[in-house]
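Trainee: I should like to go through this model with you and learn what justifies each term used to describe it.
Mentor: Certainly; let us place the structure before us and begin.

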Amino acid sequence: MRSPGRIQVVGIGPGSLEDITLRATSAIAQSDYVIGVSTYIDQISSLLRNQKVIKGAMGEEVQRVKKAIELASEGNSVSIVSGGDPNVFGMGSLVLELLAAQDGTIDVEIVPGVTAVNAVAAILGAPLSSDYAIISLSDLLIPWADIEKRLTSAAESGFVIALYNPQSRRRKRNLARSIELLKKHRPHVPVGIVQNGTRPGEMTAVTTLETLMEHEAIIDMHTTIIVGNRESFVWKDKIITPRGYQRKYGY
Ligand SMILES: C[S@@+](CC[C@H](N)C(=O)[O-])C[C@H]1O[C@@H](n2cnc3c(N)ncnc32)[C@H](O)[C@@H]1O
């Protein structure tokens with residue numbers, strides 16, 4: 001019998017090949033199987049050589065992980081590719097949860113990646129330089145009431161807030177409601193929108209919560225929105241959140 005193989009959950013970054021880490025590239029190169037949704041497999045297609053590829057659909061995450069565990073149990077090295085970073089609304093926890101439930105002997109490694117908010121922040125300038133919170137507006141796996149509480153707490157606490165999964169064709173209400181909540185605490189802060197950051201068709205806008213929906217054409221499931229805090233400001237087309245050097249040392 002072959003010894004159990006291994007599973008690597010590989011963060012492949014936000015889109016551009018230049019933003020994939022060397023560690024992720026080498027994990028993919030050393031795999032017998034690469035498993036992921038079509039978008040992510042297409043994103044890394046130029047890195048694929050002899051690996052067998054299994055493409056899945058959104059919503060079939062559990063089946064994909066079970067397949068990876070089956071293949072690894074047969075002695076294969078399997079990469080599950082996850083957009084951005086596997087720990088940020090990615091595949092990392094699901095893989096570990098299912099392995100923990102089986103309590104087996106398969107080796108597992110989480111390979112970190114550049115998460116969308118880091119790529120998007122760099123495009124927008126330096127909006128994240130203070131404490132920040134990332135909140136997903138998708139209520140598929142989390143009750144909306146909890147998301148509202150997190151939005152309100154983050155807004156009250158002065159965190160810069162990054163919104164993932166802002167809206168889909170079928171889910172529009174959550175973004176509108178979030179804007180309402182956020183406006184109560186920070187009416188005049190800069191807001192950055194990036195769609196398809198680092199990918200072909202990248203689009204950006206710098207706006208405010210008041211005028212955010214004027215840019216709805218670039219707000220979908222490939223968009224991240226960064227809402228500045230009261231100290232954030234705009235210079236040319238860049239959003240800057242000061243770290244506090246001016247306050248402490250002057251310049
Ligand atoms: C299910 S989450 C996965 C996040 C991913 N694990 C990461 O670390 O970036 C998908 C959301 O990430 C954001 N996103 C991912 N890639 C992006 C990109 N290239 N540009 C802008 N936003 C992106 C969008 O908000 C999208 O709805």
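**Reasoning from values to terms**

Mentor: In helix α5 the buried residues are Ala116, Val117, Ala119, Val120, Ala121 and Leu124. Please keep in mind throughout that this is a predicted model.

Trainee: What makes valine 117 count as buried?

Mentor: A residue is called buried if 20 or more other C-beta atoms lie within 10 Å of its own. Valine 117 has 24 such atoms within 10 Å, and therefore it is buried. This residue belongs to helix α5.

Trainee: Which residues does valine 117 contact, leaving aside its neighbours within four places in sequence?

Mentor: Valine 117 is in contact with Leu128, Ile134, Ala162 and Thr224. Leucine 94, by comparison, is 23 residues from valine 117 in sequence, and their C-alpha atoms are 21 Å apart in space.

Trainee: What is found just after α5?

Mentor: Glycine 125 is there, with a positive phi of about 125°.

Trainee: Which residues of helix α1 are buried, and why are they said to line one face of the helix?

Mentor: Helix α1 covers residues 22-29, and its buried residues are Ala24, Ala27 and Ile28. Seen down the axis of α1, these buried residues fall within an arc of 95°, so they line one face of the helix. The general background is that an α-helix has 3.6 residues a turn, so residues three or four places apart point the same way.

Trainee: Against which elements do the buried residues of α1 pack?

Mentor: They pack against four strands: β1 (6-11), β2 (33-37), β4 (77-82) and β5 (107-111).

Trainee: Why is glutamine 51 called partly exposed?

Mentor: The term applies between the two limits, where 20 or more neighbours would make a residue buried and 12 or fewer would make it exposed. Glutamine 51 has 18 C-beta neighbours inside 10 Å, so it counts as partly exposed. Its place is in the loop between α2 (38-43) and β3 (52-56). Not counting residues up to four places away in sequence, glutamine 51 touches Ser31, Asp32, Tyr33 and Val34. Aspartate 19 is 32 residues from glutamine 51 along the chain, and 21 Å separate their C-alpha atoms.

Trainee: What can be said of phi at asparagine 165 and at lysine 236?

Mentor: Phi of asparagine 165 is near 50°, a positive value in a residue other than glycine. Lysine 236 is not a glycine either, and its phi is positive at about 50°. Asparagine 165 lies in the loop between β8 (160-164) and α7 (173-185), while lysine 236 lies in the loop between β12 (233-235) and β13 (238-240).

Trainee: How do you know whether each of these two residues is buried, partly exposed or exposed?

Mentor: The same limits decide the matter. Asparagine 165 has 19 other C-beta atoms within 10 Å and is therefore partly exposed. Lysine 236 has 6 other C-beta atoms within 10 Å, so it is exposed.

Trainee: How do you know where the ligand lies with respect to the domains?

Mentor: The domain assignment gives domain 1 (6-114) and domain 2 (117-240). Both domains give residues to the shell around the ligand, so the ligand lies between them.

Trainee: How many residues surround the ligand, and which are the closest?

Mentor: There are 23 residues around the ligand, the closest being Gly84, Val88, Thr115, Ala116 and Gly197. The elements that give two or more residues to this shell are α5 (116-124) and β11 (223-227). By class, the shell has 8 nonpolar, 13 polar and 2 charged residues.

Trainee: How far apart are the centres of the two domains, and how many residues form their contact?

Mentor: Taken over C-alpha atoms, the centres of domain 1 and domain 2 are separated by 28 Å. The contact takes 7 residues from domain 1 and 9 residues from domain 2. The side of domain 1 that touches domain 2 has 4 nonpolar, 2 polar and 1 charged residues.

Trainee: Finally, how many helices and strands are in the chain, and why is the chain called as compact as a globular protein of its length?

Mentor: The chain has 8 helices and 13 strands. Its radius of gyration is 20 Å, close to the 18 Å that the globule rule gives for 251 residues, so the chain is as compact as a globular protein of that length. Of those 251 residues, 38% count as buried.

Key
Residues numbered from 1 in each chain as written. Predicted model: local features only at pLDDT ≥ 70, side-chain atom pairs only at ≥ 80, totals over all residues. Arc of directions from axis to C-beta. Near = placed C-beta within 6 Å. Nonpolar A, V, L, I, M, F, W, Y, C, P; charged D, E, K, R; others polar. Domains from an automatic or database assignment. Rg over C-alpha atoms; globule rule 2.2 N^0.38 Å.
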